[in-house]
Amino acid sequence: MTEVYGSVAAGFESVREEFATVAAAEARDGGAQLAVYHQGRQVVDLWGGDGVDGDAMLALYSSAKGATSLVVALLIQDGTLDPDREVASWWPEFAAEGKDRLTLRGLLAHRSGAIGVDGGFSAAELADDRAVAARLAAHRPYWEPDSGHGYHALTFGALAGEVVLRATGRTVQAHYEERIRAPYGIDYHLGLPEELEPRFRTALPLIPTPAQAAFLAASPAGPDDLLGVAFGQHADPPFDAVAYGNSRAVRAASPLSGGGVGSARGLARMYAAVAGPLDGRPPLLTPDTLAEVSRVHSSGKDLVTGEDNAFGLGFVPLATRHPELGPTAIGHSGVPGSQSFADPSRALSYSYARRRFAFLGGPGAPENDRLIRAVARAADRAAA
């Protein structure tokens, strides 16, 4: 039996029981964390499995897309960014190769087609959003912009970040630190300070079962198909996700497609500031802004992954994957299987983080399904 540590508030005991099952079955080798806020207070703070405690800092990969999208949403709310303005109006170089009419709305909804470049990106470039953005600006898109959607795995953050920099003169990282992380004391960083390095725990690769290994061998991403391009498999050497997350250069610079580092506590707290009042402050996003960013802007077959999915303005509308959540639930997953979101209909936020990669965990590891159900049921009972 795997030991589970931490605490839950009264009424959330069933979440601890569900997490204990997860820690024993899926997360024992590498460890996992679960944190939940409800109505402005933390009600779940759990960890278990080998290798992590509640304070451990983990590479949380595409969770950074959620933090980036939150900064962009605040700038839209302020009136600083207009989602229906062309990207090239801020960033003239981006107009090359037929990208001149793409709006910020289309870019945030993964509709630009700018998923990569010929020959891929080097490891050094992938630690530098400005370098990635410069190459993307000059490059042709992989489909006609706004004609369809596909997951911009390695490029979303560089694209959105360049728009923010051109429009405001400041990076997403600077806006996030000033408006979100520092005021709320959030344990999730876009740029991990050197003094926090001792808390970092390296990402661990998938250990596939024989059946999983056979599936992966039979379904490789071709280096020149859209999936291979979007995930850097056409580069020399191909993109190595584990090495990327374990790179100090990546942790220090925090490229916005996947370089953020923190704990489940941190991301749950970030999304708690969206889900409802926190620390006596009103929610970060107004109801109108929340309705706009959570609205489905792209849906159906993803040109990159080949799967049906949906995107709002940067965020994933979580109710499309977890129907027990409210219609304005927004968040983002991370490739090891992590998942984090805000559900304003319940004033609820959730973050599950794991150290070892799960099998096909990009949209969130399968154990999130039962953890989220347990959390939603407990929150509803607590509010009754």
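In what order do the seven strands of the open sheet come? Hi everyone, let's start there. What you see above is a predicted model, so please keep that in mind as we go.

Reading across the open sheet, the order is E1-E3-E2-E13-E12-E11-E10, and the pairing is antiparallel. At the edges sit strand E1, residues 4-8, and strand E10, residues 316-317, and each of these pairs on one side only.

Now let's move inside the sheet. Take E2: seven bridges join E2 to strand E3, residues 41-48, and the two run antiparallel. If you want one pair to find on screen, look for Ala32, whose bridge partner in E3 is Gly48. E2 is also joined to E13 by seven bridges, again antiparallel. Here you can look for Gln33, which has Ala353 of E13 as its bridge partner.

E13 then pairs with E12 in the antiparallel sense, over five bridges. Asp343 is a good one to click on, with Leu348 in E13 as its bridge partner. These two strands form a hairpin with four residues between them, and Ala347 there takes a positive phi near 50°.

So, is E13 mostly covered or not? Seven of its seven residues are buried, so to speak a full house. In a regular strand, side chains alternate between the two faces of the sheet. In E13, Leu348, Tyr350, Tyr352 and Arg354 are buried on one side, while Ser349, Ser351 and Ala353 are buried on the other.

Next, a helix. H15 covers residues 367-383, which is 17 residues, and spans 25 Å from its first C-alpha to its last, close to the 24 Å expected. Its buried residues include Leu371, Ile372, Val375 and Ala379. And what covers them? Helix H1 and the strands E2, E12 and E13 are among the elements that do, which brings us back to strands of our sheet.

Finally, pockets. The largest has a volume of about 1,400 Å³. Its lining has 45 residues, and Leu227, Phe231, Val335, Leu360 and Gly362 lie nearest the centre. Among the elements giving two or more residues to that lining are helix H6, helix H9 and strand E11. By class, the lining has 27 nonpolar, 12 polar and six charged residues.

The second largest pocket has a volume of about 350 Å³. Of its 16 lining residues, Ala25, Glu26, Ala27, Ile207 and Arg354 lie nearest the centre. This lining has eight nonpolar, one polar and seven charged residues. You have met Arg354 already, as one of the buried residues of E13. Thanks for listening!

Definitions and conventions: Residues numbered from 1 in each chain as written. Predicted model: local features only at pLDDT ≥ 70, side-chain atom pairs only at ≥ 80, totals over all residues. Heavy atoms only, no water. 1 Å grid on protein atoms, 1.4 Å probe; cavity = no way out; pocket = protein on both sides within 12 Å on 5 of 7 lines; lining within 4 Å. Points joined across faces, edges and corners; volume = space filled by probe spheres on them. Nonpolar A, V, L, I, M, F, W, Y, C, P; charged D, E, K, R; others polar. Expected span 1.5 Å × (residues − 1). Buried < 20%, exposed > 50% of the residue type's maximum accessible area, 1.4 Å probe, protein only. Contact = heavy atoms within 4.5 Å. Pairing = 2+ DSSP bridges.
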